[in-house]
Amino acid sequence: MSAYDFDLFVIGGGSAGVRCARISATHGARVAVAEERFWGGTCVNVGCVPKKIMVNAGEYGLWAEEAAAFGWQEMVKGQHRWSVLKEARDAEVERLSAIYGRLLANAGVTPFECRATFIDPHTLDVGGRRVTAERIVIATGGHPVKPDIPGAELGMISDDLFTLEEMPRRVAVVGGGYIALEFASLLRALGAEVDLVYRQSLPLRGFDHDIREAMRDALDALGIRQHVGHEIASLEKTADGIRVATAGGQAATVDAVMFATGRVANTGGLNLEAAEIVTGRFGAIPVDARQTTRQPHIFALGDVTDQLNLTPVATAQGHALADTLFGNKPRTANLQNVPTAVFTIPPAATVGLTEELAAAQGPVDIYLTRFTPMRHTISKRARKTVMKLVVDRASQKVVGAHMLGDDAAEMMQGIAIAIVAGATKQDFDATIGIHPTAAEEFVTLRTITRQVG
């Protein structure tokens, strides 16, 4: 008989925690999970899923505007009903969150809907109950934070959008990362006036430069007012709304302010000191390649480690750890060539190296195309597509692919398989395109735009 109540105890019922717990249980381990807020974590409840539903809602309005160009004279854009969207979105979120609970139950995992904190390296206080475990996983994710400025309490964080009973008509979104851009896009498409304020000269720091420029232009085309190179200095409540002042002296009055200026790890209150676990930058837990903390039997997964904060990465880490600990299949999640998407309108997607990073490693060939998609040549909407391949000149391997345009995320998943497999430019060239599509551009790019490095 084991000296512990469980072979594995997982703190956190999000993507990483649920996958790790479920797979560990299917390998025969005695597993428990504690979740104090909601099953499925940020992605299902206040992140990827409800956000994309709202992006889809915004797109429907744009399609209605374009429909007349295709002969649909009675399809006109009317007044958007926020309450209908909210009801449908919340019902889908509730359905998906319940699925996570059922997955755990079907695998034989013991659930605790309460907070879990450390008493010592092998013992937890789980809702007032003392529980021991041979191994412990911390998968508590992260949460958004507001900047330290006067009046910050007047602003919202991204979670708050999903509790609003009606849409604010004038919104200032603060931040230049993917969360800020996604929320700015969906609010604008649903009819709000949107001011986007960010410190950099271009949005999406860390993305390929051509995509950053294309995103700036796409946001302009959507009607979002961009305030580039500005920091928010203060918020002040006035009779007409919230006055937003920048450090450069600019000011605007809006109905709501949304901060998307950063996230920190959910490590506060876990009593990590009792387990002799230290935290680093933004409260994140340092781990090695096997997700192990300084305690060899305690592991951390997903956003709480601040490695690559993406839901599929967290899920992959959870599965790999379960296989390693209990499945006799030791492995780690590969964090190289991870594809990702930004669900703006239009979306952007990327995999592999940017031109800048690739050129720092050696000479590269750049293939780049910009065009108006067929749908928008008919509708006359000012929406461009940008597609780019970064090719290592010596090996001719495609080391990066980047796109902004309709269906970018759907295309990039397939392109990612090719890049992970080590496909060369000649492999792309030998592939027959599907016509007429935008996707065929990835296999018909023949002329080098420039050589770098």
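In this predicted model, six strands make up an open sheet whose order is S18-S19-S22-S21-S20-S23, and their pairing is antiparallel. At the edges of this sheet lie strand S18 (340-342) and strand S23 (450-452), each of which pairs on one side only, and from one strand to the next the twist averages 15°. Strands of a sheet pair through backbone hydrogen bonds, in either a parallel or an antiparallel way. Within the six-stranded sheet, strand S21 (residues 385-392) and strand S22 (residues 398-404) are joined in the antiparallel sense over six bridges, and Val391 stands opposite Val398 in S22.

A second open sheet can be set beside this one, with five strands in the order S8-S15-S9-S10-S11 and with parallel pairing. Its edge strands are strand S8 (156-157) and strand S11 (225-228), each pairing on one side only. Inside the sheet, strand S9 (residues 170-174) runs parallel to strand S10 (residues 193-198), and five bridges join the two; Val171, for instance, stands opposite Val194 in S10. Helix H5 (residues 178-189) packs on this sheet, where the helix touches S9, S10 and strand S15 (256-259), and the direction of H5 makes about 165° with that of S10.

The next stop is a hairpin, formed by S13 and S14 with four residues between them; in its turn, Gly249 has a positive phi of about 100°. The two strands of the hairpin, S13 and strand S14 (residues 251-254), pair in the antiparallel sense over four bridges, and the bridge partner of Ile242 in S14 is Val254. Thr246 also belongs to strand S13 (residues 241-246). Is Thr246 buried or exposed? Its relative accessibility is 9%, and because buried means under 20%, Thr246 counts as buried. When residues up to four places away in sequence are not counted, Thr246 touches His230, Glu231, Ile232 and Ala233.

Finally, the surface offers a contrasting case in Trp72, which lies in the loop between helix H3 (48-66) and helix H4 (82-107). The relative accessibility of Trp72 is 55%, and since exposed means over 50%, this residue counts as exposed. Together with Phe70, Met75 and Ile378, Trp72 makes a nonpolar surface patch of about 430 Å².

Methods:
Residues are numbered from 1 along each chain as its sequence is written. This is a predicted model: local features need pLDDT of at least 70, side-chain atom pairs count only at pLDDT 80 or more; totals for chains, interfaces and linings use all residues. Side-chain values use heavy atoms; hydrogens and water are left out. Patches are made of residues with over 30% relative accessible area and no salt bridge: like charges are joined within 9 Å, nonpolar side chains (Val, Leu, Ile, Met, Phe, Trp, Tyr) within 5 Å. Accessible areas come from the Shrake-Rupley method with a 1.4 Å probe; for residues, only the protein chains shown count as cover. A salt bridge is a side-chain nitrogen of Lys or Arg within 4 Å of a carboxyl oxygen of Asp or Glu. Buried means under 20% relative accessible area, exposed over 50%, partly exposed in between (1.4 Å probe, protein chains only). Two strands pair if DSSP finds at least two bridges between them. Contact means heavy atoms within 4.5 Å. Axes are lines fitted to C-alpha atoms, for helices over the stretch in contact, and angles run from 0 to 180 degrees between N-to-C directions.
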